[in-house]
Protein chains: 2
Amino acid sequence: MMVKEAIKPVMFLFHLHKIRPQPLANLTKWITSMKDIEDDLNKKISFLSGLVVAFRDQIHTDIQLKPGNHGPCIPAHKALLAARSEIFRNMLDSDGCKAPPSDTITLPELNTEELESLLEFLYSGNLPFDKLEKHVYSLFVAADKYEIPYLQEFCERFLLSSLNASNVLEILEISDVCSNKTLKETALNFIVRNMEDVVFSAKYEVFAPKNPHLGVQITRAFLMDSKSKRINGV
Amino acid sequence: MMVKEAIKPVMFLFHLHKIRPQPLANLTKWITSMKDIEDDLNKKISFLSGLVVAFRDQIHTDIQLKPGNHGPCIPAHKALLAARSEIFRNMLDSDGCKAPPSDTITLPELNTEELESLLEFLYSGNLPFDKLEKHVYSLFVAADKYEIPYLQEFCERFLLSSLNASNVLEILEISDVCSNKTLKETALNFIVRNMEDVVFSAKYEVFAPKNPHLGVQITRAFLMDSKSKRINGV
């Protein structure tokens with residue numbers, strides 16, 4: 001009987017994922033086929049992201065990307081940049097009209113390491129954890145500026161999963177800069193739930209004068225929360 | 001009791017996929033997380049295969065590919081070709097030594113449509129069913145010649161799934177040309193099981209003189225099969 005009870009949510013999931021309800025024995029088939037699908041998708045990703053070799057080995061590159069910190073230029077491919085970002089596509093298109101056509105794009109907001117990480121992501125669709133952790137803020141801003149939704153989502157997911165008392169103010173700030181609603185709401189809620197820790201921290205003293213409008217939003221969110229708690233008798 | 005029996009293979013699958021055995025209720029969590037993984041992988045594929053836009057819109061192309069049927073050249077990107085195939089990479093590298101460096105590669109074995117399909121696959125990692133069905137033989141040979149294992153596997157899977165009495169001789173022939181063991185064995189087994197249909201067909205009359213060594217292999221495989229059936233008393 002207990003086992004039967006446990007099956008109910010599985011059946012619900014079948015329904016949720018539009019899978020015809022079947023006897024439990026067929027579940028094995030379904031699990032195996034899901035693993036096969038996952039393997040196939042991973043193989044395709046490995047094939048597609050193989051393009052990163054052309055970046056690493058600088059094969060037939062046709063554009064130089066200049067970081068903002070006066071570091072050396074990084075060679076890349078116009079076609080790849082244009083395919084990943086409409087902003088790059090337009091920048092590269094308009095180049096053709098100028099005389100002489102420029103073969104360099106400057107990204108003033110990124111230093112050498114950040115630019116390298118951005119490019120690695122654009123070629124491979126992925127980034128090692130350490131690079132992501134180090135550069136997530138600048139990559140999130142770059143994703144917003146150059147309109148690369150998949151990178152935005154990639155960074156957003158990382159920021160949501162790593163949100164804690166010591167980084168919540170940075171995350172609130174950046175979510176405001178990039179107008180990311182989900183991230184901003186999550187950060188504000190977190191602050192309200194940990195109001196004392198945040199507001200009495202040294203970080204908040206630096207944050208508040210730099211972002212007065214966010215200071216106001218934090219105070220208001222806290223008041224609204226207290227009020228609703230009073231009304232609900234919590 | 002019946003339900004409990006049905007769970008056994010599920011538990012075995014957990015073991016197979018190195019998942020810690022858990023109460024059945026946790027299965028729902030696992031199924032949801034597998035669906036999430038699948039969604040994530042599909043988003044990444046969509047991001048990575050977006051490069052096909054650079055091919056379709058001919059953005060910043062730097063090489064012309066010439067089909068074997070005197071059709072018009074198709075513009076593409078050296079870096080992409082080099083990343084997808086070592087053979088292309090070497091062809092493009094050695095070009096630099098020649099004077100003047102050639103900006104055209106001829107693929108004599110492919111006609112215009114076949115070459116377009118090959119390129120679409122190299123950029124996107126995929127091909128619509130109708131194009132795959134139409135060009136699978138030439139793509140399979142091209143995958144072998146230009147050493148593109150993922151395309152070989154893609155074609156192999158299609159050929160295995162579409163194997164029937166009317167195409168088995170073509171599939172045997174091509175598996176022999178490309179030295180594909182799995183495909184060749186499957187085709188030979190199919191022929192042995194449907195020996196009369198195949199050997200008395202009009203196709204076989206054309207096939208046998210063109211591929212005498214395969215004719216010998218078919219006859220031998222049939223004899224071995226008959227012998228083993230006799231020994232086993234089937």
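**Figure 1. Chain B laid over chain A by a rotation.** In this predicted model, turning chain B by 180 degrees, with 0.0 Å of shift along the axis, superposes it on chain A with an RMSD of 0.0 Å. That is how a two-fold axis relates two copies. For a newcomer, it helps to know that two copies of a chain are related by a rotation about an axis and a shift along it.

**Figure 2. The surface through which the two chains meet.** Here we look at the contact, to which chain B brings 56 residues and chain A brings 56 residues. Of the interface residues of chain B, 100% are also interface residues in chain A, so the copies meet through the same surface. How much area is buried between chain B and chain A? About 5,000 Å², with carbon and sulfur atoms giving 74% of it. On the side of chain B, F47(B), L48(B) and H60(B) lose the most area to chain A, and together they make up 14% of what that side buries.

**Figure 3. Salt bridges and polar contacts between the chains.** The interface of chain B and chain A holds 6 salt bridges. A good one to find in the view joins D40(B) to R157(A), whose closest N and O atoms are 3.0 Å apart. There are also 10 residue pairs in polar contact across the interface of these two chains. Which elements of chain B give two or more residues to the side that touches chain A? They are α1 (2–16), α2 (26–48), α3 (52–56), α4 (78–84), α5 (86–95), α6 (112–124) and α8 (149–162) of chain B. The most comes from α2(B), which gives 17 residues to the side touching chain A.

**Figure 4. Helix α9 of chain A among its neighbours.** Now we move to α9(A), which covers residues 168–177. Because 7 of its 10 residues are buried, this helix is largely enclosed by the rest of the structure. To pick out the buried residues of α9(A), look for V168(A), L169(A), I171(A), L172(A), E173(A), I174(A) and S175(A). Their packing partners are α7 (129–145), α8 (149–162), α10 (181–193), α11 (195–199), α12 (202–210) and α13 (212–231) of chain A. After α9(A) comes S179(A), which has a positive phi near 50 degrees.

**Figure 5. Strand β3 of chain B and its partner.** Follow the side chains along β3(B), residues 104–107, and you will see them alternate. I105(B) and L107(B) point to one face and are buried, while T104(B) and T106(B) point to the other and are not buried. This fits a general pattern: in a regular strand, side chains alternate between the two faces of the sheet. Strand β1 of chain B, residues 63–67, pairs with β3(B) in the parallel sense over 4 bridges. Which residue of β3(B) is the bridge partner of Q64(B)? That partner is T104(B).

**Figure 6. A positive phi in the loop between α7 and α8.** Most residues other than glycine have a negative phi. Yet E147(A), which is not a glycine, has a positive phi of about 55 degrees. This residue sits in the loop between α7 and α8 of chain A. Is E147(A) buried or partly exposed? Its relative accessibility is 47%, so E147(A) counts as partly exposed. In chain B, E147(B) likewise has a positive phi, near 55 degrees, and lies in the loop between α7 (129–145) and α8 of that chain. With a relative accessibility of 46%, E147(B) counts as partly exposed.

Terms used. Residues numbered from 1 in each chain as written. Chains lettered and ligands numbered in written order. Predicted model: local features only at pLDDT ≥ 70, side-chain atom pairs only at ≥ 80, totals over all residues. Heavy atoms only, no water. Buried < 20%, exposed > 50% of the residue type's maximum accessible area, 1.4 Å probe, protein only. Pairing = 2+ DSSP bridges. Contact = heavy atoms within 4.5 Å. Least-squares fit on C-alpha atoms with pLDDT ≥ 70 in both. Buried area = accessible area lost by both parts, 1.4 Å probe. Salt bridge = Lys/Arg side-chain N within 4 Å of Asp/Glu carboxyl O. Polar contact = N/O pair within 3.5 Å; in protein donor to acceptor, adjacent residues only side chain to side chain.
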